[in-house]
Amino acid sequence: MFLGTYTPRLDEKSRLILPAKFRDELSDGVVLTRGQERCVYVFSMEEFHRVHEQMREAPLSSRQARDYIRVFLSGASDEKPDKQGRITIPAPLREYAGLDRDVAVIGAGTRAEIWDQTAWSDYLSEQESAFSETDEEVIPGLF
């Protein structure tokens, strides 16, 4: 499970050192793809295969499903961490998420997400207020 927030930097070759706590689960390879809210999703190979199987269940007749799958998979890139735990983030994904040098890598349970550090701070500020004011059952059975 991916948990926490980390603030590594992209190096001059657009490589990111994965947080040490994530490396074991991602050592066999990762899939990077467009995430919602203009971040980059980071999946282990195993989790990505599971997500892809769910996508295959979507009806081909659903335009919304076809559109989502096209955008999601066309931006995907499989990467293998090097011995130092670094992965290269392809230019199209860096551009999509507005990644420069300072990034935030957050744990989101079954995946990690890579955000521009300023965008993450802004998003978190907006969402923390709504999070603390949530009074309905947003996730069934949680509270």
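Two residues count as in contact when they have heavy atoms within 4.5 Å, and that is how "covering" is meant in the first view. The model shown throughout is a predicted one.

**View 1. Helix α2 and what packs over it.** Helix α2 runs over residues 45-56. Its twelve residues span 16 Å from the first C-alpha to the last, close to the 16 Å expected at 1.5 Å a residue. Look for Glu47, Phe48, Val51 and Met55, which are the buried residues to pick out here. They sit on the same side of α2 because they cover an arc of only 100° around the axis. The general rule behind this kind of pattern is that an α-helix has 3.6 residues a turn, so residues three or four places apart point the same way. Over the buried residues of α2 you'll find, among other things, β3 (30-34), β4 (40-44) and α3 (63-74). Swing round to the face turned away from the buried side and you meet Glu46 and Arg56, both exposed.

**View 2. Arg34 and its company.** Arg34 belongs to strand β3. Is Arg34 buried or exposed? Neither quite fits: Arg34 is partly exposed, with a relative accessible area of 26%. Setting aside neighbours within four places in sequence, Arg34 touches Cys39 and Tyr41, then Val71, Phe72, Ser74 and Gly75, and also Leu93 and Tyr96. Ala76 is worth finding too: Arg34 and Ala76 are 42 residues apart in sequence, yet their C-alphas are 7.0 Å apart in space.

**View 3. The second largest pocket.** This pocket holds about 280 Å³ of space. Which elements each give at least two residues to its lining? They are β7 (103-107), β8 (112-116) and α5 (117-133). By name, the lining consists of Gln36, Glu37, Tyr41, Ile106, Gly107, Ala108, Arg111, Glu113, Trp115, Trp120 and Tyr123. Sorted by type, that makes six nonpolar, two polar and three charged residues. Tyr41 is a familiar face from the previous view, since it is also in contact with Arg34.

**View 4. Two loop residues with positive phi.** Start with Ser14, in the loop between β1 (5-6) and β2 (15-17). Its phi is positive, about 65°, although Ser14 is not a glycine. Ser14 is also buried, with a relative accessible area of 14%. The other residue to find is Glu37, in the loop between β3 and β4. Glu37 isn't a glycine either, but its phi is positive and near 60°. You have already met Glu37 in the lining of the second largest pocket.

How values were computed:
Residues are numbered from 1 along each chain as its sequence is written. This is a predicted model: local features need pLDDT of at least 70, side-chain atom pairs count only at pLDDT 80 or more; totals for chains, interfaces and linings use all residues. Side-chain values use heavy atoms; hydrogens and water are left out. Helices (H or I, at least four residues) and strands (E, at least two) are DSSP runs, numbered from the N terminus. The expected span of a helix is 1.5 Å times one less than its number of residues. Buried means under 20% relative accessible area, exposed over 50%, partly exposed in between (1.4 Å probe, protein chains only). The arc is that of the directions from the helix axis to the C-beta atoms. On a 1 Å grid over the protein atoms alone, a cavity is a set of points where a 1.4 Å probe fits but cannot get out, and a pocket is an open set with protein on both sides within 12 Å along at least five of seven lines; lining residues have an atom within 4 Å of a point. Grid points are joined across faces, edges and corners, and a volume is the space filled by probe spheres set on the points. Ala, Val, Leu, Ile, Met, Phe, Trp, Tyr, Cys and Pro count as nonpolar, Asp, Glu, Lys and Arg as charged, and the others, Gly among them, as polar.
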